[in-house]
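Guide: Here is the model. Pick one part for a close look.

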Amino acid sequence: WWTAETIAVVTGGNRGIGFEITRQLAGHGLTVVLTSRDTEVGIEAVKVLQEAGLLVEFHQLDIVDPQSIKDFAEWIQETHGGLDILVNNAGINFNVGSENSVEHAEQVIRTNYYGTKNVINAMIPLMRPSSSGARIVNISSRLGRLNGKKNRIEDDTLREQLSNEELLSEELIDDTLNKFLEQTKDGSWITGGWPQTFTDYSISKLATNCYTRYLARKLCDKPEGEKICVNCFCPGWVKTALTGWNGNICVEDAADTGVWLALLPGQPTSGKFYAERREINF
């Protein structure tokens, strides 16, 4: 359904999974806008892809900087008249191996959740109408699953509220994050029933997963021709800088499900969570 005129935007595309998603999307013949916080490394990454004959452009985007988001939104509108696909890849993690510090919890949540959400909100009005529907793909993690056997929130009531489509709201997600961040300040997070592996990263991805479901419901009433599908996926434990190169999955395989979701034919389902091209539970 796509052509060289189809515009995909990939955040944090200068390395790792973001770079590989950019490469694979461009390899399918789309025009891809690679964004990164650091202009110099972003331009270098784009050069590598352009030298391979791919249609890739660069624009600076720092997802935690409202002015940067505004500047990017204006540029994508003026240059391309909007976009068709948004892949939210930019994110951070400070813990590696068995570490589980919450020293950087505010920064992790500000970037991985609020930064992603702010980019989505800025891009939605610019997503171009089409019979196939625009696509939003959020890179997430099984570490943020609500009902996984391991690493889940222990508070049954909160878990049920976040699982309930009728109760799920931006306010509930914000309240959950605020409660966690307050507890990181006084140390009570350790006994607060939060996930015990990469806690701050896991909570940021749990919020992203919840927001994906919330947003899918919010967007489901858009008329035919203006549909926007939003899904998230877990790439697995990937051998990239984010994991301290400790992962066991190569970036080519890690990027595959994200590219598949971005390019699914017809109008894909929305508000789902995937891994290895299969739907999994939130």
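Visitor: Please take a close look at Arg-128. What is the relative accessible area of Arg-128, and is the residue buried, partly exposed or exposed?

Guide: Arg-128 has a relative accessible area of 22%, which makes it partly exposed. Buried means under 20%, exposed means over 50%, and partly exposed lies in between, with a 1.4 Å probe and protein chains only. Residues are numbered from 1 along each chain as its sequence is written, and the model is a predicted one. Local features need pLDDT of at least 70, side-chain atom pairs need 80 or more, totals for chains, interfaces and linings use all residues, and side-chain values use heavy atoms, without hydrogens or water.

Now to the partner. Arg-128 and Asp-84 meet through their side chains in a salt bridge, 2.7 Å from N to O. The two residues are 44 apart in the chain and link distant parts of it. Asp-84 sits in the loop between H3 and S4, while Arg-128 sits in the loop between helix H4 (105–123) and S5. Helices here are DSSP runs of H or I, at least four residues long, and strands are runs of E, at least two long, numbered from the N terminus. Asp-84 is buried, at 9% relative accessibility.

What counts as a salt bridge? A side-chain nitrogen of Lys or Arg must lie within 4 Å of a carboxyl oxygen of Asp or Glu. Side chains of opposite charge can pair when their charged atoms come close. By this rule there are 13 salt bridges.

Compare some others. Within helix H3, Glu-74 and Lys-70 lie four residues apart, about one turn of the helix. Their closest N and O atoms are 3.0 Å apart, in a salt bridge. Glu-74 is partly exposed at 36%. Lys-70 is partly exposed too, at 45%.

Another pair is Glu-165 with Arg-213, where the closest N and O atoms are 3.0 Å apart. This pair also links distant parts of the chain, 48 residues apart. Glu-165 lies in the loop between helix H5 (156–163) and helix H6 (170–186), and Arg-213 lies in helix H7 (residues 199–219). Here the arginine is the buried one: Arg-213 has 6%. Glu-165 is partly exposed at 34%. There is a network as well, in which salt bridges link Arg-142, Glu-276 and Arg-278.

Back to the strands named above. Eight strands form an open, mixed sheet, in the order S3-S2-S1-S4-S5-S6-S7-S8. Strand S3 (56–60) and strand S8 (278–280) are at the edges; each has a single partner strand, so one side of each has no neighbour in the sheet. From one strand to the next, the twist averages 25 degrees. Helix H3 (residues 66–80) packs on the sheet and touches strand S1 (7–10), strand S2 (31–36) and S3. Contact means heavy atoms within 4.5 Å. The direction of H3 makes about 145 degrees with that of S3. Axes are lines fitted to C-alpha atoms, for helices over the stretch in contact, and angles between N-to-C directions run from 0 to 180 degrees.

Strands S4 (residues 85–88) and S5 (residues 134–139) run parallel, joined by four bridges. Two strands pair if DSSP finds at least two bridges between them. Across this pair, Ile-85 stands opposite Arg-135 in S5.
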